[in-house]
Amino acid sequence: MSWRGEVVPLQWRIAVGGVFQYFSMNFITLVMFRYEGATIAGQMGMTWMLMTTLGMACMSWVQARVPQFGMLVARGEFDELDRRFKRLTLVSWSAVTVAGAALWGVVFSLQHFDWDLGTRLLQPLPTGILIIAVLMKHVPDCFNLYIRAHKREPMSLLALVVVSNSIIGVLVWLVGGYLELGAVGAAAGYLAGVALIIFPGATLIWWRCRRDWH
């Protein structure tokens, strides 16, 4: 197969996966707007934007090294690849954990002291649930970068993205909207999808790809 023939399917799979991830990340705000009103939806959107920004910033420790990972793959230096990946993933996850804890502390302080800025963010409970979800999803996101450093994208990974994000959308709507549990329910639905589907599924796919490709 030619180089172009390998890249086009890879780009297509990443694009499809990106659409579903975008849907699940923004659907939670739409559900809050439909069932809880503009105020809660605005708080959800602002809080979610802060968390995703922190997550993306901390992911840079791993993402910036993907070209180096690709070079190690090309040279067959898989032990060195694993060593660097594990170290950088630990650093990245530690950073996002500290950032998440700091964000929760800010949210709690703003609302505890009744500062105006606190009214633009979610309450500490749903914020904490979403932060836990972001921390759990951070590791699968690192696994995806590891896999793509091999210039390959297994169909199982695309299937996981499509199925998991579709189920997350249903859970967010069911718990947060239909059952009228509000922001806490929507956050819990998102966390359930990450913990029960994305985290174990991505870990299994990463382990199998690493075993078969190396």
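## Tyr190 and its contacts

Skip the neighbours within four places in sequence, and Tyr190 is in contact with Trp48, Leu130, Ala133, Lys137, Ile168 and Val172. Keep in mind that this is a predicted model.

## Two nonpolar cores

Tyr190 also turns up in the largest nonpolar core, which has 32 residues. Along with Met32, Met44, Met51, Leu130 and Val172, Tyr190 is among those that touch the most other members. So two of the contacts of Tyr190, Leu130 and Val172, are on that list as well; in soluble globular proteins, nonpolar side chains tend to be buried together.

Which elements give two or more residues to this core? They are helix H1 (3–36), helix H2 (38–63), H4, helix H5 (124–148), helix H6 (155–178) and helix H7 (182–213). H7 gives the most, with 7 residues. There's a second, separate core too: it has 21 residues, including Leu88, Val139, Leu160 and Ala202.

## How H3 meets H4

Now for a helix pair. Helix H3 (residues 66–75) packs against helix H4 (residues 78–112) at an angle of about 160°, and their axes are 8 Å apart. Angles over 145 degrees count as roughly antiparallel, so that's what H3 and H4 are to each other. Their crossing is left-handed.

On the H3 side, the contact is made by Gln68, Phe69, Leu72 and Val73; H4 brings Phe78, Glu80, Leu81, Arg84, Phe85 and Leu88. Sorted by class, that contact has 7 nonpolar residues, 1 polar and 2 charged. Leu88 of H4 is also one of the residues in the second core.

Key:
Residues numbered from 1 in each chain as written. Predicted model: local features only at pLDDT ≥ 70, side-chain atom pairs only at ≥ 80, totals over all residues. Heavy atoms only, no water. Axes fitted to C-alpha atoms, helices over the stretch in contact; angles between N-to-C directions. Helix = DSSP H or I, 4+ residues; strand = E, 2+ residues; numbered from the N terminus. Parallel < 35°, antiparallel > 145°, perpendicular 65-115°, else oblique. Left-handed = near helix turned anticlockwise from the far one by under 90°. Contact = heavy atoms within 4.5 Å. Nonpolar A, V, L, I, M, F, W, Y, C, P; charged D, E, K, R; others polar. Core = buried A, V, L, I, M, F, W, Y, C linked by side-chain atoms within 4.5 Å. Buried < 20%, exposed > 50% of the residue type's maximum accessible area, 1.4 Å probe, protein only.
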